[in-house]
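I opened this notebook to keep a record of what I looked up in one structure. The entries follow the order in which I made them.

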Amino acid sequence: MAAEKQEPTYKRVMLKISGEALMGDQGYGLHPPTVERIAREVQSVHEMGVEICMVIGGGNIFRGLAGSAQGMERTTADYMGMLATVMNALAMQAALEGLGVYTRVISAITMNEVAEPYIRRRAVRHLEKKRVCIFAAGTGNPYFTTDTAATLRANEMACEAIFMGKNGVDGVYDKDPKTNPDAKRYETVSYDEVLQKNLKVMDASAIALARDNHKPIIVFPLDEPNGFKGILEGKGSYTIVKG
């Protein structure tokens, strides 16, 4: 008798990854083999029947906060950061469609030649048709990070959880595990504790938005093979931020 197919833990999820995750071992820009590896992770979850939203940061190309720290006007720097996220979204779309996964890039800043404008009902329809939706250009507003954009879109799209893919760590620790060998990993941690202890999961406004809408945040290792898929199958090492 054939083994019963396991139902994934969540049916619709938001995957948030940093722009730096696309750099591989380079110090800047896109590393195509790394982009393809992440796309394969997304493909494996998509094949489980899970509806996937994505938000990718832009820090591998340009970080608004860093630009403003060097004397650039903050609003201009943030818009440049938003454009960097569009470039990353297009790279991920190309990688996913190369694997046969239908994908839509949906931009909060209108640029009709390369991406769809954000219309919530249309985006929901794409998900229902099993297309991966990559939300680019943040919220379309300066002073908001892609963490906040991911949480906002996760709420608007009725995602059941937000997956935060991190490189080199398998969850949330009480201090930096790279410099503190005695750092302890949380299995679960509350939103308020993340804010009080400044645990660097997401920025404060994103955590508050997730808390107010009871949206669990799952922090997992993006560089671990099948890490994303494993969690949806009830396996793997990760931390859940909830309650």
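The entries below concern annotation, pocket lining, nonpolar cores and salt bridges.

**Entry 1. Model and annotated domain**

I note at the outset that this is a predicted model. I looked up the UniProt record, an unreviewed entry, and found the annotation "domain: Aspartate/glutamate/uridylate kinase" over residues 11–220. Across residues 11–220 I recorded 39% helix and 17% strand. The C-alpha atoms at the two ends of this stretch lie 18 Å apart.

**Entry 2. Annotated binding site**

I then asked which residues the "binding site" annotation covers. According to the unreviewed UniProt entry, they are Lys 16, Ile 17, Ser 18, Gly 19, Gly 59, Arg 63, Asn 167, Tyr 173 and Asp 176. These positions span 161 residues of sequence and are also spread in space, with up to 24.9 Å between C-alpha atoms. I compared the set with the lining of the largest pocket, which takes in Lys 16, Ile 17, Ser 18, Gly 19, Gly 59, Arg 63, Asn 167, Tyr 173 and Asp 176.

**Entry 3. Ile 17 and Gly 19**

From the annotated set I followed two residues, and asked of Ile 17 whether it is buried or exposed. I entered Ile 17 as buried because its relative accessibility is 0%, and buried means under 20%. Ile 17 belongs to strand 1 (residues 12–17). Beyond its neighbours within four places in sequence, I listed its contacts, among them Leu 22, Ile 38, Met 54, Met 92 and Leu 222.

Gly 19 sits in the loop between strand 1 and helix 1. At 1% relative accessibility, Gly 19 is likewise buried. With residues up to four places away in sequence set aside, I found Gly 19 touching Ile 56, Gly 57, Gly 58, Gly 59, Asn 60 and Asn 88. Ile 56 and Gly 57 appear in the contact list of Ile 17 and in that of Gly 19.

**Entry 4. Nonpolar cores**

Ile 17 led me to the largest nonpolar core, which has 40 residues. The members that touch the most others are Ile 17, Met 54, Met 92, Leu 96, Ile 134, Phe 163 and Leu 232. Elements giving two or more residues to this core include strand 1, helix 1, strand 2 (51–56) and strand 8 (217–221). Which element gives the most? I found that helix 3 does, with six residues.

I also looked up Met 92, whose contacts beyond four places in sequence are Ile 17, Leu 22, Val 35, Ile 38, Ala 39, Met 54, Ile 56 and Ile 134. A second, separate core has 29 residues, including Phe 135, Ala 154, Ile 162 and Ile 207.

**Entry 5. Salt bridges**

How many salt bridges does the structure hold? I recorded 19, and examined several of them.

- Arg 40 and Glu 36 pair at 2.9 Å, N to O. They lie four residues apart in helix 1 (residues 32–46), about one turn of the helix. Arg 40 is partly exposed at 43% relative accessible area, as is Glu 36 at 36%.
- Asp 182 pairs with Lys 175, with the closest N and O atoms 3.2 Å apart. I entered Asp 182 as partly exposed at 45% and Lys 175 as partly exposed at 34%.
- Arg 185 pairs with Glu 187 at 3.1 Å between the closest N and O atoms. Arg 185 is partly exposed at 28%, whereas Glu 187 is exposed at 53%.

Finally, I noted one network, in which salt bridges with shared partners join Arg 12, Glu 51 and Lys 130.

Methods: Residues numbered from 1 in each chain as written. Predicted model: local features only at pLDDT ≥ 70, side-chain atom pairs only at ≥ 80, totals over all residues. Heavy atoms only, no water. Salt bridge = Lys/Arg side-chain N within 4 Å of Asp/Glu carboxyl O. Buried < 20%, exposed > 50% of the residue type's maximum accessible area, 1.4 Å probe, protein only. UniProt positions renumbered as here; feature names shortened; annotations may be inferred. 1 Å grid on protein atoms, 1.4 Å probe; cavity = no way out; pocket = protein on both sides within 12 Å on 5 of 7 lines; lining within 4 Å. Contact = heavy atoms within 4.5 Å. Core = buried A, V, L, I, M, F, W, Y, C linked by side-chain atoms within 4.5 Å.
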